[in-house]
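The following exercises concern a single protein chain. Please study each task before reading its solution.

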Amino acid sequence: MLNETMYAYGVESSVIREIFTYANERKAQIGAERVFDFSLGNPSVPAPDAVRASIERSLAELTPAELHGYTPAPGLPAAREAVAASLNRRFGTAYTAADVLMTVGAAASVSCTLHAVTCPGDEVIVIAPFFPEYRVWIEMAGATCIEVPAHQETFQVDVEAIRRAITPRTAAIIIDSPNNPTGVVYPRAVLEELAAVLEAVNRTRAAELGHPQPIVLISDEPYREIAYGVEVPWIPALYEHTVVCYSYSKSLSLPGERVGWVLVPQVSEGARRVMAAVAGAARALGYVCAPALFQRVVADCADVPSDVAAYARNRDMLTRALARFGYTYVEPDGAFYLWVRALEDDAEAFCERARAFELLPVPSNSFGVTGWVRVGYCVDASVIECSLPAWEQLAQTY
Ligand code: PLP
């Protein structure tokens, strides 16, 4: 019998992808240079030269079995060691390969972690606005997605609202900083406040239940490297029960290659069980192993910096122009999305009107809030430059 839930996921697809598909159709009709597609987080910055060098070295030096063979399920030791060593250099930690499991990108990192740390009927808190796939992954794990609004205007985490939303069924909280879709970065003080709330809940649970079942903080960090001069705190240093989900999709511009990792610091028996469950989830979900060639890229390029300058230039060009045209937006400290207030309450109606000017932002409804749009500025600078008259004309219709 057909699984109707899967059928619905398949035929509805995501709003972001629908807009991306529409953009491609429209480009075929009127010419790519006349369509301003701000929908997808597909980096326009090319992958660093070191990535190509690594691939060429693998092609030249490895045997076919090494090049294309399965790797161990948790990943190649060289890749896991390179990730641990890179984190240790940056954050003064003492991780080893045992703390790292290579994955098929952050999507797999988060969904494996959710399967590992929740049971059917558990609750997982997300902070609205949130990356829409979180709901799909949470529900796939049999858990319930609990939306907690961020602070209005600043879109920072509302720690008090999270505290109020926690129930005995709360198994995990997903945070995502630098944030998709708002571009905000959560500062250390806010994360410390959140950690204190979670620790207090864990203490109460331990006292009342006898079996401590700590709330897991899932830190989804595909944008960690894309920050504009602000600190992106290392969250496991602030809260012990953190699982970090990382990806090279954005930092090395490799979204189609599907490689990332999960980090579970092996500091306790509980953490070792979580890591084993993440590995079990990767097995159960059929991931087998992360792509071999790109695990070798990670082994070679774990310390290669991201080219943030291009995104910073795009951000500046877009924000200056939109401010001039009368738009308001959240000042982005990271990622490559601008969170702009729609010029009418109904963000979908605003996006419909924007289409007449070939402007394609994403309405905020799909992120769990109303009245805003996400403008992905990871596009080529020329797209932003050419779109500016259209943004101005759109504003003039209001
Ligand atoms: N999490 C967030 C917040 C994202 O924005 C994305 C992709 O855009 C992902 C996860 C999935 O990334 P990946 O390509 O690494 O699976």
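**Exercise 1.** How many residues of domain 1 are in contact with residues of domain 2, and how many of domain 2 take part?

*Solution.* The model is predicted. Begin with the bounds: the domain assignment places residues 4-48 and 306-396 in domain 1, and residues 71-301 in domain 2. The contacts between them involve 32 residues of domain 1 and 33 residues of domain 2. The C-alpha centres of the two domains are 27 Å apart.

**Exercise 2.** Determine how much area domain 1 and domain 2 bury between them, and which three residues of domain 1 supply the greatest part of its share.

*Solution.* The two domains bury about 2600 Å² between them, and 63% of this area is on carbon and sulfur atoms. On the side of domain 1, Tyr-9, Asp-333 and Phe-367 supply 21% of the area buried against domain 2, more than any other three residues.

**Exercise 3.** Identify the residues whose side chains meet in a salt bridge at 3.1 Å.

*Solution.* The salt bridge joins the side chains of Glu-153 and Arg-341, with 3.1 Å from N to O. This distance satisfies the cut-off, which is within 4 Å. Across the interface of domain 1 and domain 2, the count is 1 salt bridge.

**Exercise 4.** Is Tyr-7 buried, partly exposed or exposed?

*Solution.* First, locate the residue: Tyr-7 belongs to helix α1, which spans residues 4-12. Next, recall that buried means under 20% relative accessible area and exposed means over 50%. Tyr-7 has 44% relative accessibility and therefore counts as partly exposed. Finally, Tyr-7 joins Leu-2 and Val-11 in a nonpolar surface patch of about 320 Å².

How values were computed. Residues are numbered from 1 along each chain as its sequence is written. This is a predicted model: local features need pLDDT of at least 70, side-chain atom pairs count only at pLDDT 80 or more; totals for chains, interfaces and linings use all residues. Side-chain values use heavy atoms; hydrogens and water are left out. Patches are made of residues with over 30% relative accessible area and no salt bridge: like charges are joined within 9 Å, nonpolar side chains (Val, Leu, Ile, Met, Phe, Trp, Tyr) within 5 Å. Accessible areas come from the Shrake-Rupley method with a 1.4 Å probe; for residues, only the protein chains shown count as cover. Helices (H or I, at least four residues) and strands (E, at least two) are DSSP runs, numbered from the N terminus. Buried means under 20% relative accessible area, exposed over 50%, partly exposed in between (1.4 Å probe, protein chains only). Domain bounds come from an automatic or database domain assignment. Contact means heavy atoms within 4.5 Å. Buried area is the accessible area (1.4 Å probe) that two parts lose on being put together, summed over both.
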